[in-house]
Amino acid sequence: MAHEHKLEIFRGLLKFKSNTQKIWGVLIFLSIVTAVEVLLGIFKPAILVGNYFLDMKLLNWIFIILTLVKAYYIAWDFMHLRDEKSSLRRTIVWTPVFLVSYLIFILLFEATYVFEVFRDGFLAWDF
Amino acid sequence: MDTTVTTDSGENVWGGGNRPLGASYGKLMMWFFIVSDALTFSGFLAAYGFSRFKFIETWPIADEVFTHIPFFHGNFPMIYVAFMTFILIMSSVTMVLAVDAGHNMKQNKVILYLFLTIIGGAIFVGSQAWEWATFIKGDYGALETKGGRVLQFVNAETEERAALADFSTALPEDRTKHTSSEGIWFEEEGYQTSYSLNEVVEGFKSNPSILIRTEKINEEGEKTVLDRKQSLARLKDAVRVVEGANLIRNEYGSRLFADFFFFITGFHGFHVFSGVVFNIIIFFNVILGTYERRGHYEMVEKVGLYWHFVDLVWVFVFTFFYLV
């Protein structure tokens, strides 16, 4: 087993001296992201709630993007994907990314259709 | 470590050799499991998304449901879940530190960090149990209509939610729990609510300051509150009192909301629980010096992968259940 660690995060912007330091650095980063999420969730800035992109509130887009950011750092630094061969990394990441995007696409599309059927009164449900 | 069958014809079997991914058999298998488990969880969360988009205008607002923290009264949306998230991330950190100490063959440090990881996991599972208990108990109570819609109550003066106990009048009626041995055999009640439908309806009629809040979300992103006249009209549709949550109905709104809550957080909680069990097994192995004798701590790394995965899943559950 190779014992070298890649000690840079943020594409080399931040370089740590040891693996332990990197772990704490990533923890601080993840905590900040979580804190931002919670604060946004509590205060819900009107500008983010009122505006939509692709049928979803901007606030929700921010939450989802921040979640993916957190997932990236958990997988890359805690699960050591950064130190694995890129072929292993790609196998692990792209398989679910492809399948899950497809699943989400078809399910949400269908759900929106069902919602419209309900809304347009083809089916009584609010009684 | 090499459990795979290799040919005897030297190392090079086509382009990648015998270990093209450069990871040991055990680690690869753990990754296999994690990827498939990730797909399982994605399936659950996508199904949740489906139901939510289907009822996009009536889905319960998580901020109004998860407002409790232990030992304190009041309204603290999301604080406790954020704390749980932090605990899990923290235990992930101690886990990486254990893996790191294992790489450096420091047995005592591995023991310490694994111990902290187990404690973190236990706190998380305990918190989730508490969260479930609070969710099942409920706090305000509501009425359910014929169509399965939930009617909640609001005090018009304070504009705060009103609990059934705030306005229901006790009637001199005698009501027994409906069991299958008495009455219709295929119907029974799991629990008896603290007020009967009649008591709530009568209480509502005699309290002009109480209004009904429907599931429908208005333009401001809040639940619609009916005026007094509409409320009284809507009250006629009510068929039963709902308190707390079970797998059939819940006081928070859409039935699927509670079902998904129990199912997804339950499945995740079970993963955390198994993770704690694995960690404990490995913890004792470390204490006994198994990996010291084996010459490497790869087993800690493999269990660590699972543990981080559980953390990873929680990050998504947290977002889709509590934030979005």
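Visitor: At what angle do helix α1 of chain B and helix α8 of chain B pack?

Guide: In this predicted model, helix α1 of chain B, residues 25-54, and helix α8 of chain B, residues 255-288, pack at an angle of about 165°, and their axes are 10 Å apart. That angle makes α1(B) roughly antiparallel to α8(B), because angles over 145 degrees count as roughly antiparallel.

Visitor: Is the crossing of α1(B) and α8(B) left-handed or right-handed?

Guide: The crossing in which α1(B) passes α8(B) is left-handed.

Visitor: Which residues make that contact?

Guide: On the side of α1(B) the contact is made by Asp37(B), Thr40(B), Phe41(B), Phe44(B), Leu45(B), Ala47(B), Tyr48(B) and Ser51(B), while α8(B) contributes Leu256(B), Phe260(B), Phe263(B), Ile264(B), Phe267(B), His268(B) and His271(B). Sorted by class, the contact of α1(B) with α8(B) has ten nonpolar residues, four polar ones and one charged one.

Visitor: New topic: how many residues of chain A and chain B are in contact?

Guide: On chain A there are 50 residues in contact with chain B, where 60 residues take part. The area buried between chain A and chain B is about 4,900 Å², and carbon and sulfur atoms give 77% of that area.

Visitor: And which helix of chain A packs with α1(B)?

Guide: Helix α4 of chain A, residues 86-119, packs with α1(B) at an angle of about 15°, and the axes of these two helices are 8 Å apart. This makes α4(A) roughly parallel to α1(B), because angles under 35 degrees count as roughly parallel. The crossing of α4(A) with α1(B) is right-handed, and the residues of their contact divide into 21 nonpolar, four polar and two charged.

Visitor: How many salt bridges are there across the interface of chain A and chain B?

Guide: There are two salt bridges across the interface of chain A and chain B, whereas the count over all chains comes to 15.

Visitor: What does Glu84(A) pair with?

Guide: Glu84(A) forms a salt bridge with Lys27(B), and the closest N and O atoms of this pair are 3.0 Å apart.

Visitor: And what about Lys44(A), which residue does its side chain meet?

Guide: The side chain of Lys44(A) meets that of Asp63(B) in a salt bridge, at 2.9 Å from N to O. Lys44(A) lies in the loop between α1 (19-43) and α2 (46-50) of chain A, and Asp63(B) lies in helix α2 (residues 62-65) of chain B, so this pair joins two chains.

Definitions and conventions:
Residues numbered from 1 in each chain as written. Chains lettered and ligands numbered in written order. Predicted model: local features only at pLDDT ≥ 70, side-chain atom pairs only at ≥ 80, totals over all residues. Heavy atoms only, no water. Axes fitted to C-alpha atoms, helices over the stretch in contact; angles between N-to-C directions. Helix = DSSP H or I, 4+ residues; strand = E, 2+ residues; numbered from the N terminus. Parallel < 35°, antiparallel > 145°, perpendicular 65-115°, else oblique. Left-handed = near helix turned anticlockwise from the far one by under 90°. Contact = heavy atoms within 4.5 Å. Nonpolar A, V, L, I, M, F, W, Y, C, P; charged D, E, K, R; others polar. Buried area = accessible area lost by both parts, 1.4 Å probe. Salt bridge = Lys/Arg side-chain N within 4 Å of Asp/Glu carboxyl O.
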